[in-house]
Amino acid sequence: MSDEKDPRIIETEFNLIDELDADDIVDLDTDQEGLIVAADMLPSQLPIIPLRPRPSFPGLLVPLALGGSLQIAAVRQAMDTGSQALGLIMVQDMDFEDAADNLCSIGVAAKVLKILHSDDDSMHVMVNCLERFTIQEILPVAKPLMARVRYNYTPELSVNPELKAYSMAIISTLKELVQINPLYSEEIKLFLNRSSMDDPGRLADFAANLTSANGEELQEILETFDVRKRIDRVLVLLKKELEVSRLQHKISNQIEEKVSAQQREFFLHEQLKAIKKELGLEKEGKTSELEKFQERLKKLELNEEASSVVEDEMEKLQLLEPSSPEYTVSRNYLEWLTVLPWGLFSKDSYDLARARRILDRDHYGLKDVKERILEFIAVGKMKGDISGSILCLVGPPGVGKTSVGHSIANALGRKFFRFSLGGMRDEAEIKGHRRTYIGAMPGKFIQAMKTVGTANPLLMLDEIDKIGASFQGDPASALLEVLDPEQNNSFRDHYLDVPFDLSNVMFIATANQLDTIPRPLLDRMELIRLSGYILEEKLEIAKRYLIPKALKNHGLQRGQVVIHKAALVQIIDGYAREAGVRNLENQIKKIMRRAAMAFAEDEKLKKVTIRKRDVEHYLNKPVFTAEDVFEGIPGVVTGLAWTSMGGATLQIEATAMLAKSKGFKQTGQLGNVMIESSEIAYSYVMSHLTNFGGEAEFFEKHFIHLHVPAGATPKDGPSAGITMATALVSMATGKIVKKKLGMTGELTLTGRVLPIGGLKEKVIAARRAGLTTLLFPDDNRKDFEEIPDYLKEGLEIHFVKTFKDVYEVAF
């Protein structure tokens, strides 16, 4: 341990002294007007506290940090006496314990002024050192250490010229010390506030305590009772202290002057930067840009080719002037290269229970879709990753395709990014522009990677069925590389021109229909169909999600607007009959706007209630009537169709007109495939009419007109074949088909019924229209079994292989 006094201890002394009351400090000066002299205060027996590594001197305030049972017991013993006095004695050998035979013979009596902190193991006290004493006898007490002492009072001296000269010599030396170390000045001020310079003994003790002398030298000063000898020895210590301080100051100055070459270079560079900045030179910006790029690269794991390109480009940037056009191109290129998440991944979550909770929280129904997504996550859990996964969510608008993508990202704990491919006609949107073009930038995929900041996000490609093509290229073909797990691990954007790994990205595309998606692109995706919602499902979705969301978005509180269940049913059936819920949400928003206006106009209004009879007041006349299903008329049959908006019912009407020759005409804006289906139905019925109870000459004498209502709506597809044939049979025989009957299936010339698509959507449309008996191709039996039970409930299903089976059920 160093003998030099720690400045922090000095500061602690000042802080502790500030906490003391004026009455706590003992004045040893005798006064004839009633003050008690020190000789009458100090007892002959004192509890002893051993000190190390320095002794204390009379006349000083000393903070003590005590530890151990002996020292704490000594303080408590002192506090139990009226004088509150104890003895402070330095130990002889610092390496040995605080035993009686290891104490010096002379110490200092002190009074405990204040206990600043106390617990079982430690104690902080402030003491006022009073007088020297000599140990006469160590008392046989186990705890604390007690001694009988004799006090060595300093006799009062008349200040003669010699002592005054010694005192001035001490003061002069102290002044020199203060100039070198200002901390000494605080202790001198503290001393002057409590003592006088006219007391040479006190001055000598104070000056000795101020030095960094070792314990033996200070103990020798303490044991010198003769004031003149004491001052002589203190002056020697002060001179040594002065020399040490001067040497220390000199060494500090030398160290400060010996700055290393690297530090000098750094300071010079900083000065050079400042000078260049003042002169208007833009070198500092370039340097900071390079430093920024280098700092980013420390956190990234670039592949070998990208690392080489970045290194070459940074060397090139150092040589370019900021005013050069090439400088901006190079800087922007480096900006993109260093901002991408090379090797940065977020941790996937494969917690199936959590994923199920998130999907159930965000979506009502869609049980088959949720199960398929959970299976997908389970495979990822078993495999360890879900890289190379490309899903395509197919369904009508408003069924929740985009929000399902959000939920999947939340369930997996991945970053989510969505961009729309609808109307995209430029290949550069996918693969970026080459850097030779002005304003060139990377494609959408690289931009998405920059935005999310991880190399394994979930990217949603919205409206992939509406992607276009033009003279600028075919974006759908450019997507083939991105969506191919065998190729996208080294996707090369035209702008970056270095391979970037997209194999860890999870892609989810959305589409309303599959007909417009190129076959090679479709083969790369796994399809998940979202068919749409029936009335009961829409009712729950409105209650759980749409109404609370609309209330919040319109500044309304829960309970301010109440929509009765019957009113909701009326809204769904009369205004929002499509497969999704987007139009239903719009109708609810319209009601909320009307309600908000009512609250704004009438501040006393507390609640708005919407009943079934109030719906027309808020939403005007219904868009849809009860159901446009005509029954009981020969030649009219209800078919089931699939559209991009979901399932729909299709009324097919046939009528015959007497004519000299046979003929056949179709109307209703039918597509080529549907026209062919009608001609197949006409040929089949004409050749087999007698089997169904019709006249053989009927078609020879009549001109046949087949019409599909809603003529403004384009229609196409082969699934209306058996419906058209049934309508022709009904017309030719005059028979009326079974009530509440709907059918779908493709017909061949031989009468076979072929399978169709969109079975679930057609079932939903049939339930919406109130149909109870449905005819489906026998080959669609497996598709029907996958439909949820709640959709099958109450339906009479017939699977047909030939048109004869259709005839037997329909008539």
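This section describes strand pairing, burial and salt bridges in a predicted model.

The antiparallel pairings described here centre on strand 5, which spans residues 122–138. Of the 17 residues of strand 5, 12 are buried, so this strand is largely enclosed by the rest of the structure. Strand 4 (residues 106–118) pairs with strand 5 in the antiparallel sense over 11 bridges, and the two strands form a hairpin with three residues between them. Within this pairing, Lys114 has Met126 of strand 5 as its bridge partner. Strand 2 (residues 61–67) also runs antiparallel to strand 5, to which it is joined by seven bridges; here Val62 is matched with Val127 as its bridge partner in strand 5.

Strand 6 (residues 146–152) is mostly covered, with five of its seven residues buried. Six bridges connect strand 6 with strand 5 in the antiparallel sense. In this pairing, Val149 of strand 6 is the bridge partner of Ile135, and Arg132 stands opposite Asn152 in strand 6. Strand 6 pairs in addition with strand 1 (residues 45–51), again in the antiparallel sense, over three bridges. The bridge partner of Leu46 in strand 6 is Ala147. Arg132 further belongs to a network of salt bridges that links Arg132, Asp205 and Arg230.

A parallel arrangement is found further along the chain. Five strands form an open sheet in the order 8-9-12-7-13, with parallel pairing. Its edges are strand 8 (416–420) and strand 13 (526–529), each of which pairs on one side only. From one strand to the next, the twist averages 20°. Within the sheet, strand 9 (residues 458–462) and strand 12 (residues 506–511) run parallel and are joined by four bridges, with Met460 having Ile508 of strand 12 as its bridge partner. Helix 16 (residues 444–452) lies across strand 8, strand 9 and strand 12, and runs at about 150° to strand 8.

A nonpolar patch on the surface is formed by Leu247, Ile251 and Ile255, which together have about 290 Å² of accessible area. Of these residues, Leu247 lies in helix 7 (residues 227–257).

In total, 29 salt bridges are counted in the model. One of them joins the side chains of Glu335 and Arg296, with an N to O distance of 3.0 Å. This pair links distant parts of the chain, since Glu335 belongs to helix 11 (residues 325–339) and Arg296 to helix 9 (residues 283–297), 39 residues apart. Glu335 has a relative accessibility of 22% and therefore counts as partly exposed; Arg296 is likewise partly exposed, with a relative accessible area of 22%.

Another salt bridge is formed by Lys738 and Glu796, whose closest N and O atoms are 3.5 Å apart. Distant parts of the chain are linked here too: Lys738 is in the loop between helix 25 (721–733) and strand 20 (741–743), whereas Glu796 is in strand 24 (residues 796–800), 58 residues apart. Lys738 is partly exposed at a relative accessible area of 33%, and Glu796 counts as partly exposed at 34% relative accessibility.

A salt bridge is also present between the side chains of Asp789 and Lys792 (3.9 Å, N to O). Because Asp789 and Lys792 are three residues apart in helix 28 (residues 789–792), about one helical turn separates them. Asp789 is exposed, with a relative accessible area of 61%.

Technical notes
Residues numbered from 1 in each chain as written. Predicted model: local features only at pLDDT ≥ 70, side-chain atom pairs only at ≥ 80, totals over all residues. Heavy atoms only, no water. Pairing = 2+ DSSP bridges. Axes fitted to C-alpha atoms, helices over the stretch in contact; angles between N-to-C directions. Contact = heavy atoms within 4.5 Å. Buried < 20%, exposed > 50% of the residue type's maximum accessible area, 1.4 Å probe, protein only. Patch = residues over 30% accessible without salt bridge, like charges linked within 9 Å, V, L, I, M, F, W, Y side chains within 5 Å. Areas by Shrake-Rupley, 256 points an atom, 1.4 Å probe, with all protein chains shown as cover. Salt bridge = Lys/Arg side-chain N within 4 Å of Asp/Glu carboxyl O.
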